[in-house]
Amino acid sequence: MSLDPRLLKPIDRYRLLVNAVVPRPIAWVTTVNAAGLVNLAPFSFFNGVTANPPVVQVCIAHRDPIKDTLANLRASGEAVVHLVRSERLDAMHASGAEYPSDISEADALGVEHRPAERIHGRVLVDADIAFECRLLQAIPVGDPATHLCLLEVVLAHVAPAIALPDGLPDPQRLRAVARLGGDHYLSADSWTVIARERRRAPVI
Ligand SMILES: Cc1cc2nc3c(=O)[nH]c(=O)nc-3n(C[C@H](O)[C@H](O)[C@H](O)COP(=O)(O)O)c2cc1C
């Protein structure tokens, strides 16, 4: 069966992507507004971009008025991107509800945070990974535009429980919760890890 995106309803164009590009890691993002209110929201159109310097991308869809995360990012140029295990799934999922701009999802949901070190943002206390980031670019894509936000990681925090001896994250222990289509998630309990030798070109 073939699907021509131009013939699909907007909701089905969305479902085409979120049901096919799975599992998606989730960026749980804090930003701070001019009044100091800490905004917290999850984004699964999230990934790494390049390592030199380390840059991640978060895609923030159109909303009228624009999503608080995008408004705060544009105004402050800063955000903290977190990865969390399935223990935090309920709070993460709940933070995706459309809270009014003057309510802090972090405070409403009792998610603890502390000051970031390199930026003026907030770091979630029990996140396994926290990337303190500065906004490089917010690129409008599509119509109405989603903003592809390129965020440079200026400081990374790795929880001791998932750190390798050199302090870098151990992905086997991180086991960050990921999103499937719609409101389904993949938890660490259902992972099967398959190891392979480092690939080499065959000797001909
Ligand atoms: C697991 C999950 C993943 C989400 N991923 C995205 C995403 O990639 N892009 C997006 O614009 N919204 C995404 N959302 C919806 C936003 O989190 C939601 O619109 C949120 O209210 C935005 O909050 P804000 O206005 O505080 O920025 C996601 C929601 C959930 C629960």
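In what order do the three strands of the open sheet with antiparallel pairing stand? The order is β1-β11-β12, and this sheet is the subject of the first legend below. The views throughout are of a predicted model.

**Figure 1. The three-stranded open sheet, β1-β11-β12.**
The pairing in this sheet is antiparallel. Its edges are formed by β1 (24-25) and β12 (185-186), each of which pairs on one side only. Strand β11, residues 178-179, is joined to β12 by two bridges in the antiparallel sense. Across this pair, Arg179 stands opposite Tyr185 of β12.

**Figure 2. The loop leading into β11, with Arg175.**
Arg175 is located in the loop between α5 (171-174) and β11. Its phi is near 45 degrees, a positive value in a residue other than glycine. Most residues other than glycine have a negative phi. Arg175 counts as partly exposed because 19 other C-beta atoms lie within 10 Å, whereas 20 or more would be needed for a residue to count as buried.

**Figure 3. The seven-stranded open sheet and the helix α2 that lies across several of its strands.**
The strands follow the order β3-β2-β6-β9-β10-β5-β4, with antiparallel pairing. The edge strands are β3 and β4 (46-51), and each of them pairs on one side only. On average, neighbouring strands of this sheet are turned by 35 degrees against each other, direction ignored. Strands of a sheet pair through backbone hydrogen bonds, either parallel or antiparallel. Within this sheet, β5 and strand β10 (residues 146-158) pair in the antiparallel sense over six bridges. Cys59 has Leu148 as its bridge partner in β10. Helix α2 lies across β2 (27-32), β3, β5, β6, β9 (129-141) and β10. The helix runs at about 55 degrees to β2.

**Figure 4. Two cis peptide bonds, each preceding a proline.**
The peptide bond from Asn52 to Pro53 is cis, with omega near 0 degrees. Pro53 lies in the loop between β4 and β5. A cis peptide bond also joins Asp143 to Pro144, where omega is about 0 degrees. Pro144 is placed in the loop between β9 and β10. Most peptide bonds are trans.

**Figure 5. The largest nonpolar core, with Val29 and Phe43.**
This core has 33 residues, of which Ala27, Val29, Val58, Val80 and Val81 touch the most other members. Strand β6 (residues 78-83) gives the most to the core, with four residues. Leaving aside neighbours within four places in sequence, Val29 is in contact with Ala41, Phe43, Val58, Thr69, Ala79 and Val81. Phe43 belongs to strand β3 and counts as buried because 22 C-beta neighbours lie inside 10 Å. Although Phe43 and Val29 are 14 residues apart in sequence, their C-alpha atoms are 7.5 Å apart in space. With neighbours within four places in sequence again left aside, the contacts of Phe43 are Ala27, Val29, Val58, Cys59 and Ile60.

**Figure 6. The surroundings of Ala116 in the loop between β7 and β8.**
Ala116 lies in the loop that connects β7 (113-115) and β8 (122-124). Although placed in a loop, Ala116 counts as buried because it has 21 C-beta neighbours inside 10 Å. Not counting residues up to four places away in sequence, Ala116 touches Val80, Gly121, Arg122, Val123 and Glu132. Cys133 is 17 residues from Ala116 along the chain, and the C-alpha atoms of the two are separated by 10.0 Å.

**Figure 7. The shell of residues around the ligand.**
Seventeen residues surround the ligand, and Ala41, Phe45, Ala61, Thr69 and Gly96 come nearest. The elements that give two or more residues to this shell are β3 (38-43), β5 (54-60) and α2 (68-76). The most is given by β3, with four residues. By class, the shell has eight nonpolar, five polar and four charged residues. Two of the residues that come nearest to the ligand, Ala41 and Thr69, are also among the contacts of Val29.

Methods:
Residues numbered from 1 in each chain as written. Predicted model: local features only at pLDDT ≥ 70, side-chain atom pairs only at ≥ 80, totals over all residues. Near = placed C-beta within 6 Å. Nonpolar A, V, L, I, M, F, W, Y, C, P; charged D, E, K, R; others polar. Pairing = 2+ DSSP bridges. Core = buried A, V, L, I, M, F, W, Y, C linked by C-beta atoms within 7 Å. Buried ≥ 20, exposed ≤ 12 C-beta atoms within 10 Å, placed from the backbone. Contact = placed C-beta atoms within 7 Å. Axes fitted to C-alpha atoms, helices over the stretch in contact; angles between N-to-C directions.
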